[in-house]
Amino acid sequence: MRTTAVKTYMQRVGERPRLLVKVETDEGIVGWGEAFNHGPDWALVPLLDYLFAQIRGVDPRRIEFIVRRLLQSSRFPPGALGLAALSALDHALWDISAKAADLPVYMLLGGHARDRVRVYCGVYSAPDPAECRDLTQRLNAEYGFTAFKLSPYRRDLNQGRWGETCRLAADYFASLRELSPTEWEFAFDAHAQIFEPYQAIQLGNALAPYDPLFFEEPIRPEHIPAWGQLRGQLKAPIATGECLYSPFEFLELLKVRGADIIQPDVCVVGGLLQLRKIATIAEAHYVSVAPHNPMGPLATAVNLHFAAAQPNFKILEYKVPETRWCPDPYLPRDGHLELRPDRPGWGVEIDEDALATDDYVHWERKLPVRPDGSTGYV
């Protein structure tokens, strides 16, 4: 079997852009992957053409060889765009390999370590308590969710006294606890918007008495030693990793004991092969994995197969899909995604007729502006 072509599709899920990739072979088996849209979305298309030219005619089942070749073909380590493109190619190679073997991908990873995969629902905002109660109850009734991720910010964090921001967050979480079943879990994503570690410690410890599932990414990822300081003083589990790219960066984070839960993104780190290596390093440090996944139904399928086979998997981020190009997404039941052992590859169909219609939507991040006119983090 040989790779013969790559095709790219600029598409959307809801109001966010998504890039899908199809790899074709001379035996008629095709594989699908999804890249992370870091920002300059159209830069990924020529980059994928460039990378595929280096692996055209190679047996797509040689995934380790192909990934190493593409990682080593550049003089310097690839960054966000290079690894996003490589991720999509990696996904497609796994899909082809599993379809050729007539097996689900997780069976190529050693088989499933669990029978279903627990998910939490990404809400991302901080609705008023009564509104949040109604929303989470509806999501529980429809999909069985018992875990949710919210924002801790009840006001613009760049405005006013920081201690008041922390108090409002604690009062908010306390209200949610009063309004929700005791077994429900809530995580809080600070979205790397806090610069000073001491402020992150204050906010995390304000939430801690109400038992958060985890406190996610309060500070920037660049200075790894700060994460060790953070974890040492926080009274809540800390999660991070969506902005880290390589096994080496995750190793540095784990060496300083900077996280209780890591959150690598299979569309960011170079694909499933690299994600498995990162997860193995974490397992050796007694750290669990809760993949970052605010993506589409194809990325969710990739994550499901990883989660099914990975011993130290904890819980998967999930957004209810809004798309025309995947008619049979994995949908939660009882707060879990069920495996599809009778379907080879990723276990989902891609509607190419829907992809033939350009449905791309442009989106870009908007920076917050502080009272003094400087820009904040998003």
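Here is a short walk through the structure, one selection at a time.

Before you click, note that this is a predicted model, where local features need pLDDT of at least 70, side-chain atom pairs count only at pLDDT 80 or more, and totals for chains, interfaces and linings use all residues. Residues are numbered from 1 along each chain as its sequence is written, and side-chain values use heavy atoms, with hydrogens and water left out.

**The core**

Start with Ile262, Trp325 and Trp346: within the largest nonpolar core, a set of 119 residues, they touch the most other members. (A nonpolar core is a set of buried Ala, Val, Leu, Ile, Met, Phe, Trp, Tyr and Cys residues joined through side-chain atoms within 4.5 Å; buried means under 20% relative accessible area, exposed over 50%, partly exposed in between, with a 1.4 Å probe and protein chains only.) Helix α3 gives this core its largest share, eleven residues. (Helices, H or I with at least four residues, and strands, E with at least two, are DSSP runs numbered from the N terminus.)

Now show what surrounds Ile262. Leaving aside neighbours within four places in sequence, its contacts (heavy atoms within 4.5 Å) include Phe250, Leu253, Ile278 and Val289.

**Salt bridges**

Next, pick Glu34 and Arg18, whose side chains meet in a salt bridge at 3.6 Å, N to O. (That is a side-chain nitrogen of Lys or Arg within 4 Å of a carboxyl oxygen of Asp or Glu.) Glu34 sits in strand β3 and Arg18 in strand β2, so the bridge ties together parts 16 residues apart in sequence. Glu34 is buried at 0% relative accessible area, and Arg18 is buried too, at 7%.

Then jump to Arg154 and Asp128, bridged with their closest N and O atoms 2.9 Å apart. Here both ends are in loops: Arg154 between β5 and α6, Asp128 between β4 and α5. Arg154 is partly exposed at 31%, and so is Asp128 at 44%.

For a bridge inside one helix, select Asp171 and Arg167 in α6, four residues apart, or about one turn. Their closest N and O atoms are 2.6 Å apart.

**Cysteines**

How many disulfides does a search of the whole structure find? Zero, taking a disulfide as a pair of cysteine sulfur atoms within 2.5 Å. Try Cys166: its closest cysteine sulfur, in Cys132, is 19 Å away, too far for a bond. For Cys267, the nearest is that of Cys326, at 13 Å. Cys267 is buried, at 0% relative accessibility.
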